[in-house]
Structures are given as structure tokens and as C-alpha cells.
Amino acid sequence: MDLKDQIDKKNLPQHIAVIMDGNGRWAQKKGNQRIFGHKNGVKAVRDTVEGAAELGINFLTLYAFSTENWNRPKQEVNALMSLLITSINSETDTLIKNNVRLLTIGNIDGLPKNVTAKLKGLINQTANNTGLTLVLALNYSARWEIVNAVKEIIAENRQNPIDVDSINNEFFERYLNTKDIPDPDLLIRTSGEYRISNFLIWQMAYSELYFTEVLWPDFRRNDLYEAIVDYQKRERRFGKISEQIKK
Ligand code: IPE
Ligand code: IPE
Ligand code: MG
């Protein structure tokens, strides 16, 4: 039976988040520059987005550039920024064709101006699409997001002190970049690295984690299916015991 046919359509993860890792190693293995890996990573993005949209996944978040990634060699950072522009240009039609709505998380205004403008343009263009919501994490890190939330809470409430008893998870989440996005049910990280790298640490409190050795440029929708099939074999207990879940 095809992997895709093994997926239970009634138990799909509502939100899948992906740490797309291994572009540099993929290129170096082939004797190429790291940027060759990033370019080929775009094909993996396209296939994964199409695969997720076709399955009926509601939210797909892709970690594309972390705040720590600014510390890479300047040449690589510049190449990644140019690649963002060319990818937005080349993928716009596919996104629209697949009824995908684009959102971003991260400090978008801290990206080069032409990148910010392109992204905002595409967010507007796809705002009324009703299929998959594709969330690009760009200039994102979870600690930045949490500190930023605290800053916003204080700035917004300068005039009227907040009632401490009104602060709870729901209150705090309204100040996160992901305020209208459900928590990820499934996190996928490629390239055989077993860490979170400052990604969605608040939101992943109860996500199922899936790690694969596949390097990101080789990742295709079949690898996505494999992760979903694995996810569907798990029992999510949220602190309860098995018997309570099965009822
Ligand atoms: C992921 O691939 C892409 C980004 C972080 C932008 P890497 O560039 O981290 O590839 P490796 O981990 O060095 O192989
Ligand atoms: C995480 O990958 C960030 C992105 C995928 C954008 P990295 O390759 O930067 O992660 P570390 O630094 O190896 O943990
Ligand atoms: Mg990496």
C-alpha cells in the first residue's frame, strides 16, 4: 500500500512545523558550495507545500532563517536573502494555484527592505486564499519572540496596569507572533540533528517530535507522508493516562 493511502484523513495533524536542515552538507557532499544546497532546498519546499496542501493540512510552518543565522559568513547570508527574493518570484504562481495563504513569523522588518516588501506583497496577494496556511519563520527565534511579547505587553499597558490575576497562557499567547495559529501537532527536523535550535519553544510544549536523516534538499512529499504515518501511531496523552484517552 502506498504511504499516502496509509494516512488516516480523520487524524491529520492540524499544524506541521519543519526545521529544514542539511542544505550545506547536501551541497558539500556533492562537492558544491553551500548555496547550491539552499537553491535545491527550494524544490523540497515546493513539493512539501504541494503535498501538504493536497492532503488537507491546515498549517505548515517552515523555519527558513533564524536570528542566529545572521552569524554565518556574509556571503552566505547575502546569497540566502537573494534566494528568498527569487523564490518568492518563482513560487508565487504555485502558491496561488494551490490556494495557499502566506503568513510570516519573526522580525520581518529586520530583513533587507526589498525582501520585506516582497513578503508583504505576497501576504496581501494570498490573504483571501482558503487552503493551506504556509507560515515562513524568517529572522525568527523563539527567545526573541518571547522577549518581544513581554515588551509589547508592557508598552501596550503603560497607562493601565494589568491585573496580575488576568495573566494566563491565553493572555500571553495573544502577544506571540503565532497568535492566530494553533500549536504545532508535529515537528519534523531533517538532517539527523536532534535539537530545537530556538524554534517555537513556547508553542511546541506538546508537539510530537519526528527526526529524519534525510537532508532537506532531498525531502519530498513522500517523506512528509512517512512523518505523518509515524505521528498517527502515537498516543498523545497530555498528562493523562492511556485509559482516559481511549474512552
Ligand atoms: C538549513 O541548512 C538552511 C538554513 C539554516 C538557512 P543548513 O544551511 O543549516 O545546512 P547544514 O546544516 O549546514 O548542512
Ligand atoms: C536551524 O538550522 C535554523 C533553520 C533551519 C532556519 P541551523 O542549521 O541554523 O541550526 P543549528 O545552528 O545547527 O542548530
Ligand atoms: Mg544546519
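Which residues are around ligand 2? In this predicted model, they are Ile19, Met20, Asp21, Tyr63, Ala64, Phe65, Ser66, Asn69, Arg72, Arg189, Arg195 and Ser197, where a residue makes the list if one of its heavy atoms lies within 4 Å of the molecule.

A quick word on conventions. Residues are numbered from 1 along each chain as its sequence is written, while chains are lettered from A and ligands numbered from 1 in the order in which they are written. Because the model is predicted, local features need pLDDT of at least 70 and side-chain atom pairs count only at pLDDT 80 or more, whereas totals for chains, interfaces and linings use all residues; side-chain values use heavy atoms, with hydrogens and water left out.

**The two ligands**

Ligand 1 has its own set of surrounding residues: Met20, Asp21, Gly22, Asn23, Gly24, Arg25, Arg34, His38, Ala64, Asn69, Arg72 and Leu80. The table gathers polar pairs between the ligands and the protein. A polar contact here is a pair of N or O atoms within 3.5 Å; within protein, one must be able to donate a hydrogen and the other to accept it, and residues adjacent in sequence count only if both atoms are side-chain atoms.

| Ligand atom | Protein partner | Distance |
|---|---|---|
| Ligand 1, oxygen | Gly22, polar backbone atom | 3.3 Å |
| Ligand 1, oxygen | Asn23, polar backbone atom | 3.1 Å |
| Ligand 1, oxygen | Arg25, polar backbone atom | 2.7 Å |
| Ligand 2, oxygen | Arg189, side-chain N or O atom | 3.3 Å |
| Ligand 2, oxygen | Arg195, polar side-chain atom | 2.7 Å |
| Ligand 2, oxygen | Ser197, polar side-chain atom | 2.6 Å |

Asp21 turns up around ligand 1 and around ligand 2. You'll find Asp21 in the loop between strand E1 (15–19) and helix H1 (23–29); helices (H or I, at least four residues) and strands (E, at least two) are DSSP runs, numbered from the N terminus. Asp21 counts as buried because its relative accessibility is 15%. For that label, buried means under 20% relative accessible area, exposed over 50%, and partly exposed in between (1.4 Å probe, protein chains only).

Leaving out residues up to four places away in sequence, Asp21 touches Arg189, Thr190, Ser191, Glu193, Leu215 and Trp216, contact being heavy atoms within 4.5 Å. With Arg189 there's a side-chain to side-chain polar contact of 2.8 Å, and Arg189 is also one of the residues around ligand 2.

Ser197, another residue around ligand 2, sits in the loop between strand E5 (186–189) and strand E6 (208–211). Ser197 is partly exposed, at 30% relative accessible area. Its backbone is worth a glance too: phi is positive, about 50°, although Ser197 is not a glycine.

Asn139 also has a positive phi of about 50° without being a glycine. Asn139 belongs to strand E4 (residues 133–140) and is buried, with a relative accessible area of 5%.

**Helix H3 and its partners**

On to the helices. Two packed helices are described by the angle between their axes and the distance between the axes. For H3 and helix H4 (residues 113–125), the angle is about 10° and the axes are 10 Å apart. Axes are lines fitted to C-alpha atoms, for helices over the stretch in contact, and angles run from 0 to 180 degrees between N-to-C directions. H3 and H4 are therefore roughly parallel to each other; angles under 35 degrees earn that label.

H3 contributes Met81, Leu84, Ile85, Ile88, Asn89, Thr92, Leu95 and Ile96 to the contact, and H4 brings Asn114, Val115, Lys118, Leu119, Leu122 and Gln125. Sorted by class, that makes nine nonpolar, four polar and one charged residues (Ala, Val, Leu, Ile, Met, Phe, Trp, Tyr, Cys and Pro count as nonpolar, Asp, Glu, Lys and Arg as charged, and the others, Gly among them, as polar).

Thr92 is one of those H3 residues, in a helix that spans residues 74–97. Thr92 counts as buried at 13% relative accessibility, and touches Leu122 and Gln125, setting aside residues up to four places away in sequence.

What does Glu91 contact, leaving aside its neighbours within four places in sequence? Glu91, also in helix H3, is in contact with Val42 and Arg46. The side chains of Glu91 and Arg46 are joined by a polar contact of 2.9 Å, and Glu91 counts as buried at 12% relative accessibility.

**Glu156**

Last stop: Glu156, in helix H5 (residues 142–156). Glu156 counts as exposed at 51% relative accessibility, and its side chain makes a polar contact with the side chain of Tyr175 (3.0 Å).

Key. Parallel < 35°, antiparallel > 145°, perpendicular 65-115°, else oblique.
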